[in-house]
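The following exercises are meant to be worked with the sequence and the structure side by side. Try each task before reading its solution.

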Amino acid sequence: MPFKTIKFNVLDHLKTKKKQIAYLSAALDEDDPSFIATAIGDVAKARGISSFAAETGLSREAIYKSFRPGGNPTLETMNKALKPLGLRLALAVSTAA
């Protein structure tokens, strides 16, 4: 009997603010700037791009451009995107030598 598969859509798993924050935390653990930008874009899509734009003060175009694979958002754009989630960028001491 063949397996039935369905296409995975991360947006189906980002319905709550708590899940969105957990997803972003996991993305940061990957230490891949492109993946982090993409993860923020996924959260923006889950919240609704128009709503996210209104919450952040960013334009829809800036969101699409910055938070996609290969996107390169500025620190200012990152801060604006994280603020509605109650998050901010911070420095932490690395455990790696």
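**Exercise 1.** Decide whether Ala-37 is buried, partly exposed or exposed, and describe its surroundings in this predicted model.

*Solution.* Begin with the accessibility: the relative value for Ala-37 is 2%, and since a residue counts as buried under 20%, Ala-37 is therefore buried. Next, place the residue along the chain, where Ala-37 belongs to helix 2, which covers residues 33-47. Then list its partners beyond the neighbours within four places in sequence, which are Ser-66, Phe-67, Arg-68, Gly-71 and Pro-73. Finally, compare sequence and space for one pair: Pro-69 lies 32 residues from Ala-37 along the chain, while their C-alpha atoms are 6.9 Å apart.

**Exercise 2.** Work out how helix 1 and helix 2 are oriented relative to each other, and name the residues through which they meet.

*Solution.* Take the geometry first: the axis of helix 1 (residues 17-29) and that of helix 2 come within 9 Å and cross at roughly 170 degrees. Because angles over 145 degrees count as roughly antiparallel, the two helices are roughly antiparallel to each other. Turning to the residues, helix 1 contributes Gln-20, Tyr-23, Leu-24, Ala-27 and Leu-28, and these meet Phe-35, Ile-36, Ala-39, Ile-40, Asp-42, Val-43, Ala-46 and Arg-47 of helix 2.

**Exercise 3.** Examine Asp-31 and state what is notable about its phi angle, where it is found and how accessible it is.

*Solution.* The backbone comes first: phi of Asp-31 is positive, at about 55 degrees, although the residue is not a glycine. As to location, Asp-31 is in the loop between helix 1 and helix 2. Its relative accessibility is 69%, and because values over 50% count as exposed, Asp-31 is assigned to the exposed class.

**Exercise 4.** Determine the orientation of helix 2 relative to helix 3, and identify the residues that form the contact.

*Solution.* The axes of helix 2 and helix 3 (residues 49-56) are 6 Å apart, and the helices pack at an angle of about 110 degrees. Helix 2 is therefore roughly perpendicular to helix 3, because the range for that class is 65 to 115 degrees. On the helix 2 side, the contact involves Ile-40, Ala-44, Lys-45 and Arg-47, whereas helix 3 supplies Ile-49, Ser-51, Phe-52 and Glu-55.

**Exercise 5.** Locate Leu-87, classify its accessibility and find its contacts.

*Solution.* Leu-87 is in the segment that follows helix 5 (75-82). With a relative accessible area of 26%, Leu-87 is partly exposed. Setting aside neighbours within four places in sequence, its contacts are Ile-21, Leu-24 and Leu-82. For a further distance, consider Asp-42, which is 45 residues from Leu-87 along the chain, with 16 Å between the two C-alpha atoms.

**Exercise 6.** Summarise the secondary structure, dimensions, contacts, surface and charges of the whole protein.

*Solution.* Count the elements first: the protein has 5 helices and 0 strands, giving the order α-α-α-α-α from the N terminus. Its C-alpha atoms fill a box of roughly 50 × 40 × 25 Å along the principal axes. Of the 97 residues, 31% are buried. Among contacts with a separation of 6 or more, 49% are between residues 24 or more positions apart. The exposed area is about 7,100 Å², of which carbon and sulfur atoms supply 58%. Lastly, the protein carries 14 positive and 9 negative charges, whose mean positions are 7 Å apart.

Notes:
Residues numbered from 1 in each chain as written. Predicted model: local features only at pLDDT ≥ 70, side-chain atom pairs only at ≥ 80, totals over all residues. Heavy atoms only, no water. Helix = DSSP H or I, 4+ residues; strand = E, 2+ residues; numbered from the N terminus. Buried < 20%, exposed > 50% of the residue type's maximum accessible area, 1.4 Å probe, protein only. Contact = heavy atoms within 4.5 Å. Areas by Shrake-Rupley, 256 points an atom, 1.4 Å probe, with all protein chains shown as cover. Lys, Arg positive; Asp, Glu negative; His and termini not counted. Charge placed at Lys NZ, Arg CZ, Asp CG, Glu CD. Axes fitted to C-alpha atoms, helices over the stretch in contact; angles between N-to-C directions. Parallel < 35°, antiparallel > 145°, perpendicular 65-115°, else oblique.
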